[in-house]
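Here's a walk through one protein chain, written for someone who likes to check the geometry along the way. Have the viewer open and follow along.

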Amino acid sequence: MRIRFRSALAMIVGLLATAATIVAVESPASAGRDSVLAYPPQVRGHNVTVTFANTTPNPKLCTIEALPVPRQPRQGDPTFDQNPDDSFEAGVGRTTRNLVLDRGRYNIYWVCTGYESLDDEYLGRGWTVWGTRPPVPISSYGQSFKRQYTSDPLPVTVTAPNCFLGGIC
C-alpha cells in the first residue's frame with residue numbers, strides 16, 4: 001500500500017511539473033486584453049519564428065521588427081516605414097512570422113491594428129492597437145484610434161555563428 005501511494009504521488013508530481021513546463025513555454029506576451037497576443041520567439045539557427053494569436057472576429061494588420069539591444073523604435077524611424085515586406089495580415093487564429101537574424105541579442109517589437117470588434121467597424125469607433133512598449137509607429141491611414149494595449153518587447157538571442165560569403169561558417 002505504501003509503495004503504491006508513493007508511486008501515485010511521484011506520478012502526480014511528475015504530471016504537475018510537466019504541465020508547468022508546458023505553460024512556461026507557451027506563455028504569451030500579452031498586449032492588454034488577450035484578444036491579440038505574441039508568443040515568445042522560437043529560435044533555430046538564424047531563423048526566429050514569432051507566433052501571433054488573434055481571437056477577435058476579424059483580421060489585423062501587423063508589422064514586426066527586430067532591433068539589436070538596447071535600440072528602441074522612434075517615431076519617424078525608417079525601419080518602421082510600414083512597407084509591404086514588413087507588414088502582414090494576422091487572420092483569426094494563429095499566424096507565424098519568420099525573421100532571419102545574425103548572431104546577437106535582439107528585442108522583437110510588434111504592432112497589430114484593426115477594429116477590435118465587428119461593432120467597432122460598423123459604428124466607426126476607430127482602430128485598436130496591440131503591440132510593444134514603446135509602440136511601433138504605424139500609419140493609421142486616416143483612421144482614428146480607439147485604444148491601445150501594450151506589452152514588453154520580446155527578447156531573443158541568436159547564438160548560431162554568422163556565415164560569410166553566402167554560406168561559409
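Tyr149 counts as buried, because its relative accessibility of 14% falls under the 20% cut-off. Tyr149 sits in strand E10, which covers residues 145-151. Look across from there to Thr132: the two are 17 residues apart along the chain, and their C-alpha atoms are separated by 8.3 Å. Keep in mind that this is a predicted model, so every number here is computed from predicted coordinates.

**The overall layout**

Zooming out, the protein chain has 2 helices and 11 strands. In sequence order the pattern reads α-β-β-β-β-β-β-β-β-α-β-β-β. Contacts reach a long way along the chain: taking those between residues at least 6 apart in sequence, 63% join residues at least 24 apart. Of the 169 residues, 38% are buried. The accessible surface comes to about 10200 Å², and carbon and sulfur atoms own 57% of that.

**Strand E5 and its partners**

Two leucines in strand E5 make a nice pair to look at. Leu61 is in E5, and so is Leu67. How buried or exposed is Leu61? With a relative accessible area of 28%, Leu61 is partly exposed. Leu67, on the other hand, is buried, at 2%. Each has a partner from further along the sequence. Leu61 and Ser87 are 26 residues apart in sequence but 6.9 Å apart in space, C-alpha to C-alpha. For Leu67 and Tyr106 the sequence gap is 39 residues, and the C-alpha distance is 5.4 Å.

Further on, in the loop between E5 and E6, you'll find Pro70. Here's something to check in your torsion list: the peptide bond joining Val69 and Pro70 is cis, with omega at about 15°. As background, most peptide bonds are trans.

**The nonpolar core**

In soluble globular proteins, nonpolar side chains tend to be buried together. In this chain, the largest nonpolar core has 21 residues, and those with the most contacts inside it are Val50, Phe52, Ile64, Leu99, Leu101, Ile108 and Trp110. Which elements give two or more residues to this core? They are strands E2 (36-38), E4 (47-54), E5 (60-68), E6 (87-90), E8 (104-114) and E11 (154-158). E8 gives the most, with 4 residues.

Leu99 is a good residue to click on. Setting aside neighbours within four places in sequence, Leu99 is in contact with His46, Asn47, Val48, Ile64, Ala66 and Ile108. Two of the names in that contact list, Ile64 and Ile108, also appear among the core residues with the most contacts.

**Aromatic pairs**

The aromatic pairs come to 3 in total. Two of them are set out below.

| Pair | Centre to centre | Angle between planes | Type |
|---|---|---|---|
| Phe52 and Phe88 | 5.5 Å | 50° | tilted |
| Tyr115 and Trp127 | 6.3 Å | 85° | edge-to-face |

Why is the Phe52 and Phe88 pair tilted? The planes of the two rings are at 50°, so the pair is neither stacked (under 30 degrees) nor edge-to-face (over 60). The pair ties together distant parts of the chain, with Phe52 in strand E4 and Phe88 in strand E6, 36 residues apart. Both partners are out of reach of the probe for the most part: Phe52 counts as buried at 1% relative accessibility, and Phe88 is buried at 7%. Ring pairs also bring in Trp110, linking Phe52, Phe88 and Trp110 into a cluster.

The Tyr115 and Trp127 pair also links distant parts of the chain, 12 residues apart: Tyr115 is in the loop between E8 and H2, and Trp127 is in strand E9 (residues 127-132). Tyr115 counts as buried at 16% relative accessibility, and Trp127 is buried at 12%.

**Out on the surface**

Not every tyrosine here is tucked away. Tyr122, found in helix H2 (residues 118-123), has a relative accessible area of 64% and is therefore exposed, the cut-off being over 50%. Together with Leu118 and Leu123, Tyr122 makes a nonpolar surface patch of about 350 Å².

How values were computed
Residues numbered from 1 in each chain as written. Predicted model: local features only at pLDDT ≥ 70, side-chain atom pairs only at ≥ 80, totals over all residues. Heavy atoms only, no water. Core = buried A, V, L, I, M, F, W, Y, C linked by side-chain atoms within 4.5 Å. Buried < 20%, exposed > 50% of the residue type's maximum accessible area, 1.4 Å probe, protein only. Contact = heavy atoms within 4.5 Å. Areas by Shrake-Rupley, 256 points an atom, 1.4 Å probe, with all protein chains shown as cover. Patch = residues over 30% accessible without salt bridge, like charges linked within 9 Å, V, L, I, M, F, W, Y side chains within 5 Å. Salt bridge = Lys/Arg side-chain N within 4 Å of Asp/Glu carboxyl O. Phe/Tyr/Trp six-rings, centres within 6.5 Å; stacked < 30°, edge-to-face > 60°.
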